[in-house]
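User: Please take a close look at the surroundings of the ligand in this model, and then carry on to the helix packing and the backbone features that deserve a check.

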Amino acid sequence: MAATTHRAPSGTRDILPPESQRWTALLELFEREAVLAGYGLVLTPLFEDLSLFSRGVGESTDIVAKEMYEFEDKGGRALALRPEFTASVVRAFIQHRPATPWKVWYWGPNFRYERPQAGRYRQFFQLGAEALGTADPALDVEMVALAWRLIESLRLTRVTCLLNTLGDANCRPQYRAKLIAYVSEHEHELCPEHQARWRQNPLRVLDCKKEPCRRATQDAPLQLDHLCDECADHWKRVRDGLDTVGIPYQVEPRLVRGLDYYTRTTFELAAEALESAQNAVGGGGRYDGLVEELGGPATPAIGFSLGIDRLLLACDADGVFAACSSVLDAFVVDLVGGWQASAVTDELRRAGVRADRGFECEDGRPRSLKAQLRAADRSGAAVAVIVGADEVAGGTATLKPLRGGAEQVSVRREEMVGAVRALIGDSRL
Ligand code: HAM
């Protein structure tokens, strides 16, 4: 019987080099922005008590109702792979009681049982930030700016920051009642899915992309027009702040996020280059009631997460932030066998030059110069460092530029590192 060949499970992907280099480069960019703004890295478990997510994210959300990877462990505990970070970060905050404002950033995989398609995976990666402990609108501005600066660093130009406010426990219930009264009258005009389940979360009808819902809700009341004085003031100050700091945004009164915990400021980053069902490269907002909801002290908070997979898809579509084609600067060609080539490679690496060497002898003898130069060329290195019998005897190294057609040169061994650096240019070192 033929052995089964395994493949990555549906909705998951392997990210291989050189693509994976983009991931580390992206994370470095974000870490830099986050650290500049005073955020520290938080690491939380990949799985948590199931009830953390059902309470935190909300029973009526698609994430909890349909998409959770739930399981029982050998001790009979009900657990779930995390579908998002925010509930875990809030749990960690309640558990450890750090000083506020507590500002943290994170990255890692999340799991949602969704129908896989381009830009929608069952294991997908997010990076993001959360700040707990202040209701100051300056923090809302800082959060949106942090997300936006990353978009700018990637040189993505076709991304729009959509901004809305969802009110708070004071004004949302009254608004919700008005919306329910409106939708009840237009129920039969909604799309089939929302006709069946709009009552579970009436607000979701507003950002349904289907034409019947769009038409039916054309004149629906909007939260923006029904804010209490405090929420209206907060909303104005957030917009003033964003204008002053220079973060472009578009007010989108129909923006309703797919998680239940939001209050006041909400935002989403929409990439024009991606198909509309998956065009959100990130989103976030305030969740002033969540810490209390999960059993902690009343603590206002805000955060956002960006989807790494989607961000990179948007980069591909816009031709920016390309994967670096080469992972090497120098390739050491070994024509003598023994340890000379390894010593040369090690010396280059110690000097910060990305270096690899030819492996595999044939019949105990090194492979031909031609075969190793072919491997050097395939490796993407800028220069081949040839270690042959003459070089070893004379204390020299031969450097052969592999791109751009320059002549090969012979240098003394002590000058090798400097000469390699000069050949690979300033671009990397
Ligand atoms: P979310 O909108 O569910 O928010 O996810 C944020 C981003 O993760 C999305 O905009 C998208 O780029 C990416 N994403 C979500 N699901 C998938 C998927 N199946 N495949 C690929 N990418 C996906 C949250 O998760 C909130 N925790 C954000 C937040 C943080 N709010 C406050 N703090």
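Analyst: In this predicted model, the ligand is surrounded by 27 residues, of which Glu84, Glu114, Tyr121, Arg257 and Tyr262 are the closest. Sorted by class, that shell holds 10 nonpolar residues, 10 polar residues and seven charged ones. Three strands, β6 (123-132), β10 (280-286) and β11 (301-307), each contribute at least two residues to the shell, and the largest share, six residues, is supplied by β10.

Several polar side chains can be paired with particular kinds of ligand atom. Glu114, already named among the closest residues, places an N or O atom of its side chain 2.6 Å from a nitrogen atom of the ligand. Arg257, which also belongs to that closest group, has a side-chain N or O atom 2.8 Å from an oxygen atom of the ligand. For Arg112, the separation between a polar side-chain atom and an oxygen atom of the ligand is 2.9 Å. These distances fall within the 3.5 Å that is used here as the limit for a polar contact. As for cover, the ligand would expose 650 Å² if taken alone, and the protein buries 96% of that area.

Turning to the helices, two packed helices are described by the angle between their axes and by the distance between those axes. Helix α5 (residues 137-153) takes part in two such pairings, one with α1 and one with α9. In the pairing with helix α1 (residues 19-36), the axes come within 10 Å and cross at roughly 140°, which makes α1 oblique to α5. An angle has to be over 145 degrees to count as roughly antiparallel, and the crossing of α1 and α5 is right-handed. In the pairing with helix α9 (residues 229-245), the axes come within 9 Å and cross at roughly 45°, and α5 and α9 are therefore likewise oblique to each other. The crossing of α5 and α9, too, is right-handed.

The backbone has some features that should be kept in mind when the coordinates are prepared for further work. A cis peptide bond, with omega at about 5°, joins Pro17 and Pro18, and Pro18 sits in the segment before α1, the helix that crosses α5 at roughly 140°. A further cis peptide bond runs from Thr100 to Pro101, where omega is near -5°; Pro101 belongs to the loop between α4 (86-96) and β5 (102-111). That loop between α4 and β5 also contains Arg97, a residue other than glycine whose phi is nonetheless positive, near 45°.

Key:
Residues are numbered from 1 along each chain as its sequence is written. This is a predicted model: local features need pLDDT of at least 70, side-chain atom pairs count only at pLDDT 80 or more; totals for chains, interfaces and linings use all residues. Side-chain values use heavy atoms; hydrogens and water are left out. A residue is near a molecule or strand if one of its heavy atoms lies within 4 Å of it. A polar contact is a pair of N or O atoms within 3.5 Å; within protein, one must be able to donate a hydrogen and the other to accept it, and residues adjacent in sequence count only if both atoms are side-chain atoms. Accessible areas come from the Shrake-Rupley method with a 1.4 Å probe; for residues, only the protein chains shown count as cover. Helices (H or I, at least four residues) and strands (E, at least two) are DSSP runs, numbered from the N terminus. Ala, Val, Leu, Ile, Met, Phe, Trp, Tyr, Cys and Pro count as nonpolar, Asp, Glu, Lys and Arg as charged, and the others, Gly among them, as polar. Axes are lines fitted to C-alpha atoms, for helices over the stretch in contact, and angles run from 0 to 180 degrees between N-to-C directions. Angles under 35 degrees count as roughly parallel, over 145 as roughly antiparallel, 65 to 115 as roughly perpendicular and the rest as oblique. A crossing is left-handed if the near helix is turned anticlockwise from the far one by less than a right angle, and right-handed if clockwise.
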